[in-house]
Amino acid sequence: MFPEVAYVKGEGIVQEIRVVEVGNEGYPRYRPEALVLIELPERRCLRWTLRRNEITFATAEEAWQRIEGYYPGWIYPAWYDPESPAQSIVLERTPAYGLWVIFLVLISFIVIGGIGLIYTLLLMGTSVERRAAMAKKAKTLKLLREAMPAATYPSIPNDANLTNSPGVRLAFRLPIEVSPGWWLLATLIFSLLWSGMAAVFFIAALGKHLAGKPDWLLSIVALPTTAIALAAIYQFLREVTNHTRVGPTGLEISNHPLYPGKEYRVFVTQAGKMKVKHLRITLICEEAATFLQGTDVRSETKRVAEEEVAHAQGFEIKPGMPFEADYQLKIPEGSMHSFKSDHNAIHWKLVVQINADHSTRISRSFPIVVYPAEVESIR
């Protein structure tokens, strides 16, 4: 469909120029042409040509104006197919708009298919009965609850986004901090874009070598670019495999916000198809700081507290039969509450860590908000 993709560049000597009348008597057309000579190591090729897709004009004057830029005896860039140079010489390459249209259509199909794949993976392991129970409970659960005015504790993060999804067993279903679907989509887009760029470099470098005019700088650039593209594709396939094997993780909590010294129930669900060596739920508190160092803005995060909430090991998860367990969570007494300002923050979160077979390790984080102990007495 696009033979000019395989053309190589050479030097053509214009011997003559002419305008040929084509068409019929009722509808005459005029085609500009140049007689081009290309000298190859093994033979000399001569052909009347201009472009592979011929162009015609309504008048001979227009055709002469189109060809008058080429002068007999002058050397111009010319392109030809190495397999059949005598039948393929052109002075001007035809823009491959169709190739780019096909390329964009294929990319759009891949992106749409990738989004569909990621959406399917996110729903994998969630049964019809579970979704029906979630919808039923969403209709009956009273989500409107008493909340502290924002002006009372302006430095405490708002937990509205953590309590707007009802759970199946407990009151609230916690949102995941970074969705695996977005990470999969980002990996897919990067691998597609980088692979496309690497393919262009690789094909261009290969064409130079096949034509006997290797461009070593282009080859040096093409090799690491191709290696990165292969690594990106491998990483995407590995993420898809891991996510297919591991499946979605759900974490529900009996109440929110949380208070130091109080106990709560957490309910974890883990879908997929794997043999799990260890599954841990950890309560983590991190301190983040943003500061100036010279003229640079730096951010640092330090883990200041870590406590194991639950630990399960040696079990198998089968498709349609997710792992489900109920545990007790206690916020340590005297803990610092959640805090957020322009330059400092205290973040609390529950982290589910999975160590499965085939060296599969997944860590998924669920943010929570801890209020000061005295707030509960006020409320």
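**Exercise 1. Work out how lysine 349 is placed and what its side chain pairs with.**

Start with exposure: lysine 349 has a relative accessibility of 13%, so this residue counts as buried (buried means under 20% relative accessible area, exposed over 50%, partly exposed in between, with a 1.4 Å probe and protein chains only). Keep in mind that this is a predicted model, where local features need pLDDT of at least 70, side-chain atom pairs count only at pLDDT 80 or more, and totals for chains, interfaces and linings use all residues. Residues are numbered from 1 along each chain as its sequence is written, and side-chain values use heavy atoms, leaving out hydrogens and water.

Next, look for the partner: lysine 349 meets glutamate 286 in a salt bridge, 3.4 Å from N to O (a side-chain nitrogen of Lys or Arg within 4 Å of a carboxyl oxygen of Asp or Glu). Then check where the two sit: lysine 349 is in strand S12 and glutamate 286 in strand S8, 63 residues apart. Strands (E, at least two residues) and helices (H or I, at least four) are DSSP runs, numbered from the N terminus.

**Exercise 2. Follow the salt bridges of arginine 303.**

Step one: arginine 303 also goes to glutamate 286, at 3.7 Å from N to O. Arginine 303 belongs to strand S9 and glutamate 286 to strand S8, so this pair ties together parts 17 residues apart in sequence.

Step two: arginine 303 forms another salt bridge with glutamate 306, where the closest N and O atoms are 3.2 Å apart.

Step three: compare exposure. Glutamate 286 is buried at 14%, arginine 303 is partly exposed at 43%, and glutamate 306 is exposed at 51%.

Step four: zoom out. The structure holds 13 salt bridges, and Arg18, Arg31, Glu33 and Glu54 are linked in a network of them.

**Exercise 3. Which residues touch the most other members of the largest nonpolar core?**

A nonpolar core is a set of buried Ala, Val, Leu, Ile, Met, Phe, Trp, Tyr and Cys residues joined through side-chain atoms within 4.5 Å. The largest one has 41 residues, and the answer is Ile281, Phe323, Tyr327 and Leu350. Among the elements giving two or more residues to this core are strand S8 (274-293), strand S9 (296-317) and strand S12 (344-356).

Now take leucine 350: its contacts (heavy atoms within 4.5 Å) include Leu174, Leu251, Val266, Ile281 and Phe366, not counting residues up to four places away in sequence. A second, separate core has 20 residues, including Val19, Ala34, Cys45 and Ile55.

**Exercise 4. Lay out the sheet that contains S1.**

First, the order: this open sheet of 4 strands runs S3-S2-S1-S4 with antiparallel pairing (strands pair if DSSP finds at least two bridges between them). Strand S3 (44-49) and strand S4 (75-80) are the edges, each pairing on one side only. From one strand to the next, the twist averages 45 degrees (axes are lines fitted to C-alpha atoms, for helices over the stretch in contact, and angles run from 0 to 180 degrees between N-to-C directions).

Second, the pairing: S1 (residues 8-23) is joined to S4 by 6 bridges, and lysine 9 stands opposite tryptophan 79 in S4.

**Exercise 5. Why is one side of S5 and of S10 left without a neighbour in the sheet?**

Begin with the order, S5-S6-S7-S10, in an open sheet of 4 strands. S5 (172-173) and S10 stand at the edges with a single partner strand each, so one side of each has no neighbour in the sheet. Inside the sheet, 5 bridges join S6 to S7, with isoleucine 253 opposite valine 266 in S7.
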